[in-house]
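Welcome, and please open your viewer. We will go from stop to stop, with something to select at each one.

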Amino acid sequence: MTAQRTLLRDLSSSIGQEVLIQGSVDVRRDQGKMIFFDIRDRSGKVQCVVLPGSEAMETAKRLRPEWVVGFHGVVNKRPEKNVNQNVQNGDVELEVKYIDVLSEVAELPFERDADVNLDTCLNYRPYTLRSEANKAIFKLQAAIVEEYRQSLRRQEFVEFQAPAIVGGDAEGGAAAFKVGYYDHTGFLATSPQFYKEIMVGPFERSFTVAKIFRGEKHATARHLSELTQMDFEMGFIENELEPMAVLETVVRDVVSEVGSTHKDIFEAFKVPVPALGKKFPILTLREIQKILGVKEEDDLVPEDERRICEWALKEHGSDFVFVTRFPTSVRAFYTYEDPSEAPYSRGFDLLFRGLEINSGSQRIHNYDMLVERIKSRGMKPELFSFYLQAFKYGLPPHGGSSTGLERFTMKMLNLPNVREATAFPRDMNRIDNLLSN
């Protein structure tokens with residue numbers, strides 16, 4: 001028997017040879033006295049056949065979908081009339097000689113690719129992650145993260161690892177989860193913000209892909225309690241337009257790379273690759289409210305975000321639109337406000353297909369100004385003493401942004417709920433299992 005495993009993508013180069021393949025039973029089909037199996041591994045799929053009289057037949061009769069097996073057999077070229085050039089390994093077939101059962105399977109709750117409601121899907125997540133749709137979602141998500149990193153590296157950013165446990169709420173406002181930390185109290189980080197600003201000191205340009213935690217009691221299709229943020233920060237800027245330009249480059253790189261490499265996934269989900277236009281439109285909050293004919297508020301409601309994205313696609317051929325000049329009072333305390341532009345800040349959001357996926361700004365870099373801002377928000381500067389060291393010892397004018405990976409993935413494929421773009425979602429009702437259970 002052949003002992004070394006052959007991946008399914010390599011079978012076409014092994015015609016006439018005896019091989020060992022290992023994978024999971026994808027489909028079983030009984031035709032007369034023959035049994036056909038589609039086997040899948042990380043590299044693809046292949047059709048296998050167990051012929052009458054084969055030593056493998058008795059074991060083959062027991063096999064069902066999801067059983068994990070090793071098939072020893074001979075790679076045969078398919079007869080010309082049975083060749084299917086549209087599928088992987090459509091020109092070969094494995095004639096099974098011997099079957100090694102690596103793992104038997106309990107009765108399945110439903111067919112793997114069945115269309116079930118979201119709660120059922122998440123309740124059986126270890127199983128439903130194997131579906132073709134879910135594999136596609138998270139393959140796409142992995143590609144988003146990879147190209148995000150590569151784009152920033154090309155722009156001379158240095159990656160660092162941000163902590164998940166902090167001594168206080170990193171945003172100074174968002175609800176944070178308390179954790180027991182030896183004989184003290186710590187918090188789960190709500191943002192890597194402070195740490196990426198600190199890293200501007202040694203590197204000028206820094207970025208991180210970090211897990212963050214938000215304790216607000218949201219139960220919407222766009223909120224999670226644990227999420228992944230893709231953050232960067234850059235020094236020696238004149239205004240917020242510079243980090244916005246870097247962000248646009250990153251998003252363009254991600255969409256272009258993922259759109260070309262995984263065109264099949266967009267086609268499977270019947271979603272067009274996001275439109276980039278010549279340049280992402282940049283509109284102030286007040287300009288958007290005027291375009292939409294809505295009253296002036298301090299932020300956009302979800303319906304406003306949806307409508308202005310429709311406008312941007314129609315008028316500028318872009319699924320993305322920047323929103324700038326929010327009132328300083330509603331932005332994070334470290335957001336810079338130029339006196340000549342008061343009461344508006346140098347903050348910005350990036351909307352994508354009707355949803356905010358990114359928030360950023362130019363930051364306050366002056367130590368005294370930052371301390372005063374902290375005090376004006378009713379917070380205690382001494383609680384931020386570690387962070388404030390970076391400013392006390394000198395930081396250049398700087399700014400950056402934070403992109404939500406799950407929201408970005410969600411809108412790439414126009415999924416209706418952010419939990420579908422999260423392999424293992426945590427929200428106020430679920431940590432793997434529903435908390436009500």
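Start by selecting strand 1 (residues 18-31) and strand 2 (residues 34-41), which run antiparallel and are joined by 7 bridges. Keep in mind on the way that this is a predicted model. To see one of the pairings, pick R29 and look across to F36, its bridge partner in strand 2.

Now widen the view. Strands 1 and 2 belong to a closed barrel of 5 strands, which runs in the order 1-2-3-5-4 with mixed pairing. From one strand to the next, the twist averages 55 degrees.

**Into the core**

Next, select Y148, F232, F320, F408 and M412. In the largest nonpolar core, which has 46 residues, these five touch the most other members. Helix 4 (residues 132-154) gives this core its largest share, 9 residues. A second, separate core has 23 residues, and I35, F37, C48 and F71 are among them.

Stay with Y148 for a moment. Which residues does Y148 touch, leaving out those up to four places away in sequence? Show F207, V209, M230, D231, F232, V250 and V254 to see them.

**Aromatic pairs**

The structure holds 18 aromatic pairs. One of them is Y148 with F207, an edge-to-face pair at 6.2 Å centre to centre, with 75 degrees between the planes. This pair links distant parts of the chain: Y148 is in helix 4 and F207 is in strand 10 (residues 205-213), 59 residues apart. Are Y148 and F207 buried or exposed? Both are buried.

Then move to Y387 and F391, another edge-to-face pair, at 5.0 Å centre to centre and with 75 degrees between the planes. Both sit in helix 12 (residues 385-392), and because they are 4 residues apart there, about one helical turn separates them. Y387 counts as buried at 3% relative accessibility, and F391 is buried too, with a relative accessible area of 4%. Add F194, F333, Y334 and F384 to your selection, and you have one aromatic cluster together with Y387 and F391.

**A loop stop**

Select S191 in the loop between strand 9 (184-188) and helix 5 (193-198). S191 is buried, with a relative accessible area of 4%. A polar atom of the S191 side chain lies 2.9 Å from the backbone nitrogen of Q193.

**An enclosed strand**

Now colour strand 11 (residues 226-235). Of its 10 residues, 10 are buried, so the strand is largely enclosed by the rest of the structure. In a regular strand, side chains alternate between the two faces of the sheet. Both faces of strand 11 are covered: E226, T228, M230, F232 and M234 are buried on one side, and L227, Q229, D231, E233 and G235 on the other.

Look at the strands that pair with strand 11. Strand 10 runs antiparallel to strand 11, joined by 9 bridges, and V209 has M230 as its bridge partner. Strand 16 (residues 398-404) also pairs with strand 11 in the antiparallel sense, over 7 bridges. Here, find E233 and the residue opposite, G400 in strand 16.

**Last stop: helix 13**

Finish with helix 13 (residues 405-412), where 8 of the 8 residues are buried, so this helix is largely enclosed by the rest of the structure. The buried residues include charged-looking labels you can click through, such as E406, R407 and K411. Just after helix 13 comes N414, whose phi is positive, near 55 degrees.

Technical notes
Residues are numbered from 1 along each chain as its sequence is written. This is a predicted model: local features need pLDDT of at least 70, side-chain atom pairs count only at pLDDT 80 or more; totals for chains, interfaces and linings use all residues. Side-chain values use heavy atoms; hydrogens and water are left out. A nonpolar core is a set of buried Ala, Val, Leu, Ile, Met, Phe, Trp, Tyr and Cys residues joined through side-chain atoms within 4.5 Å. Buried means under 20% relative accessible area, exposed over 50%, partly exposed in between (1.4 Å probe, protein chains only). Helices (H or I, at least four residues) and strands (E, at least two) are DSSP runs, numbered from the N terminus. Contact means heavy atoms within 4.5 Å. Two strands pair if DSSP finds at least two bridges between them. Axes are lines fitted to C-alpha atoms, for helices over the stretch in contact, and angles run from 0 to 180 degrees between N-to-C directions. A polar contact is a pair of N or O atoms within 3.5 Å; within protein, one must be able to donate a hydrogen and the other to accept it, and residues adjacent in sequence count only if both atoms are side-chain atoms. Rings of Phe, Tyr and Trp (its six-membered ring) pair if their centres lie within 6.5 Å; planes under 30 degrees apart count as stacked, over 60 as edge-to-face and the rest as tilted.
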